[in-house]
Amino acid sequence: MNELISIRNLLIKRGSRDVLRVGALDIPRGETLAVVGPNGAGKSTLLLALAHLLKPASGEVQYAGKNLREWDDLEYRRKIAFVFQDPLLMDMTVEDNVALGLKFRGVDKTESRTRAETWMKAMGVEQLAKRRAGQLSGGEAQRVSLARAFVLDPELLLMDEPFSAVDPQTRGQLMKDLSELLAHEHRTTIFVTHNLKEAAQMGDRMAVVIGGELKQVGAPKHIKGNPVDGSVNEFLRELQIDPVASLQGLQ
Amino acid sequence: MCTCLPVYVPLCTCLLVYCPTMTDILEITLLSLQVSTIATLVSLLIGLPFGTWLALGNFRGRSFILSVVNTGMALPPVVVGLVVAMTLWRSGPLGGLKLIYTPWAIIIAQTVISAPVVMGLTAAALAALDPRLQQQLLGLGASRLQMIWMLWREARLPLLAALMAGFGSVISEVGASMMVGGNIRGQTRVLTTAIVLETSKGEFERALALSALLLVITYLINLALTWIQQKGQRR
C-alpha cells in the first residue's frame with residue numbers, strides 16, 4: 001500500500017460549529033502536498049487534525065493503514081513533526097531548541113548533539129548554536145524551527161505557513177532551500193500556504209480548501225484548467241496569480 | 001557596604017534592645033521561618049499542579065473555579081484562622097488529631113492562605129503563554145508531562161513571583177497564627193504574634209525591634225529570589 005495517509009468523510013467541529021469537511025483525500029508516501037485556500041478556510045485545522053491534535057467529530061484519518069483512533073497518541077506524534085507559522089522556540093539556546101524533540105524521545109546526548117549539528121548546518125544556523133532563541137531574527141528563528149523538525153527524521157512533516165512570518169527576501173531564500181531539501185529527501189510533507197507560487201514550486205499536488213471544505217486536489221495545472229466549481233475558480237482568479245505560469249516559470 | 005545598610009541597622013537595633021532574651025528571639029525567628037517555609041512549600045505542591053490544571057484544562061465550571069481561587073487569593077487570615085480553629089478544635093471534625101495550638105496548626109492555616117495565591121498566580125502565568133506552545137510541544141513528540149514541564153520552564157520567572165507572593169502572604173500574617181497557634185511562648189510564638197503581644201504590653205521598642213527583624217528576613221528572602229529571577233531574565 002502506497003498511501004501514507006487516507007482520509008474519509010472527515011468532519012472537524014469546534015464547539016457546535018463545523019469547521020472542516022474532507023470527503024476523501026489520499027496522500028502517497030514521499031509526496032509533497034500544498035494546501036491552499038483563503039484565510040480562515042480550514043487549512044490549519046486540516047494540519048491539526050492530521051497531527052491528531054484535533055479529534056474528528058466523525059469520519060476517519062488513516063495513517064499507514066491504521067485509523068488514528070487506534071494509534072497510541074504519543075507513538076503517532078513521534079512519527080511526525082509539526083512546524084507552525086511562528087517559530088515558537090523555547091527560551092533556550094539554538095542547539096537545545098533543535099535537539100528538543102530528540103530529548104523528548106530519550107535519544108542520548110552525543111547522538112542528539114551530532115544530529116542537531118547536522119541539521120543546524122543544513123539550515124545554515126550552525127554559527128548561532130550557542131545563541132538564545134530570543135536573540136534571533138525572524139528568518140533565523142524559522143530556520144531553527146525547520147531544523148528542529150527535520151532533526152527528528154519524521155515520516156510525516158506538517159508545516160503551517162512556515163514562511164509567513166519572515167520578510168520577502170528571507171522568504172525567497174528559505175523557500176529555495178526547503179524546496180531543494182524536500183526534493184532531495186522525498187519525505188511525505190503537507191504544508192499550508194496561501195501563496196500559489198509557493199504551492200506550485202514546492203508541492204507535487206495542491207489541495208484547495210474553501211469555506212471549511214476540501215474542494216479539489218490535483219496538480220496545479222489541472223486545477224487551473226478544470227476548477228471543480230465557481231468558488232475554486234474565483235479563489236484562483238482573486239489571487240490574480242496563475243499557478244501554471246508560476247510552475248512553468250520555475251521550470 | 002551601602003546595600004547592606006538596610007540589613008545591618010535594624011538587626012543591630014534589634015540585638016541591642018532585645019539582648020537579654022536572645023534565645024527567645026532566635027526561637028521565635030526560627031519557628032517563623034520554619035512554619036512559613038513549610039506552608040509555602042506545601043502550597044507550591046498543591047498550587048502548582050492545580051493552577052496548571054486550571055490554566056490548561058478545558059472543562060465545564062473552569063471559570064467558576066478560577067473565580068473561587070482568585071477570591072481565595074484575598075482570603076482574610078482571621079477568617080482562615082477561625083475556620084481552621086473550628087476544624088482542629090477538640091470538639092471539631094479533626095479535633096482527634098490534637099493539632100490545635102501546635103506549629104502544625106499554624107502551618108495548616110498558612111497553607112490555606114498561601115495555596116490560592118500560588119494557584120491563582122500559576123494559572124495566570126501559564127495562561128499568559130502562547131496557547132500554540134502546547135500544540136507545538138506535542139507536535140514535537142512531547143508526552144503530556146514533558147509538555148507541562150516545558151511550560152513551567154517557560155513560565156519560570158512568573159512562577160517564582162508566585163512563590164514569592166505565597167511566602168510573603170504567610171510570613172507577614174498574624175490573625176490565623178494567633179488563633180490556631182495561641183501565641184504560646186517557646187511553642188507557637190512566631191514573629192508576628194510576638195509583635196502583637198509586645199504592643200499590647202506597651203513594649204513598643206521591643207515590638208519595633210521584632211518588626212525590624214521581620215522586615216529584614218522578608219527583605220533577604222525576597223532579595224535572594226529576585227536575584228534568581230533577574231539572573232533568569234538576563235540569560
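Which residue follows α10(B), and what is the sign of its phi? Hold that thought, everyone, and I'll come back to it in a moment. Good morning, and please keep in mind that we are looking at a predicted model.

Let me start with the overall make-up of chain B. There are 11 helices here and zero strands, so if you read the elements from the N terminus onward, you simply say α eleven times over. Of the 235 residues in chain B, 37% are buried. As for how the chain comes together, take the contacts in chain B between residues at least 6 apart in sequence: 76% of them join residues at least 24 apart.

Now back to my opening question. Helix α10 of chain B covers residues 191-200, and its buried residues are Leu191(B), Thr192(B), Thr193(B), Ala194(B) and Ile195(B). After α10(B) comes Gly202(B), and the phi of Gly202(B) is positive, near 80 degrees. There's your answer!

Let's turn to the neighbour, chain A. On the chain B side, 15 residues are in contact with 18 residues of chain A. Which elements of chain B give two or more residues to that side? They are α6, residues 132-139, and α7, residues 144-154. The largest share comes from α6(B), with six residues. And if you like to think in terms of chemistry, the side of chain B that touches chain A divides into five nonpolar, six polar and four charged residues.

That's my tour of chain B. Thanks for listening, and do have a look at Gly202(B), just after α10(B), in the structure above.

Terms used
Residues numbered from 1 in each chain as written. Chains lettered and ligands numbered in written order. Predicted model: local features only at pLDDT ≥ 70, side-chain atom pairs only at ≥ 80, totals over all residues. Helix = DSSP H or I, 4+ residues; strand = E, 2+ residues; numbered from the N terminus. Buried ≥ 20, exposed ≤ 12 C-beta atoms within 10 Å, placed from the backbone. Contact = placed C-beta atoms within 7 Å. Nonpolar A, V, L, I, M, F, W, Y, C, P; charged D, E, K, R; others polar.
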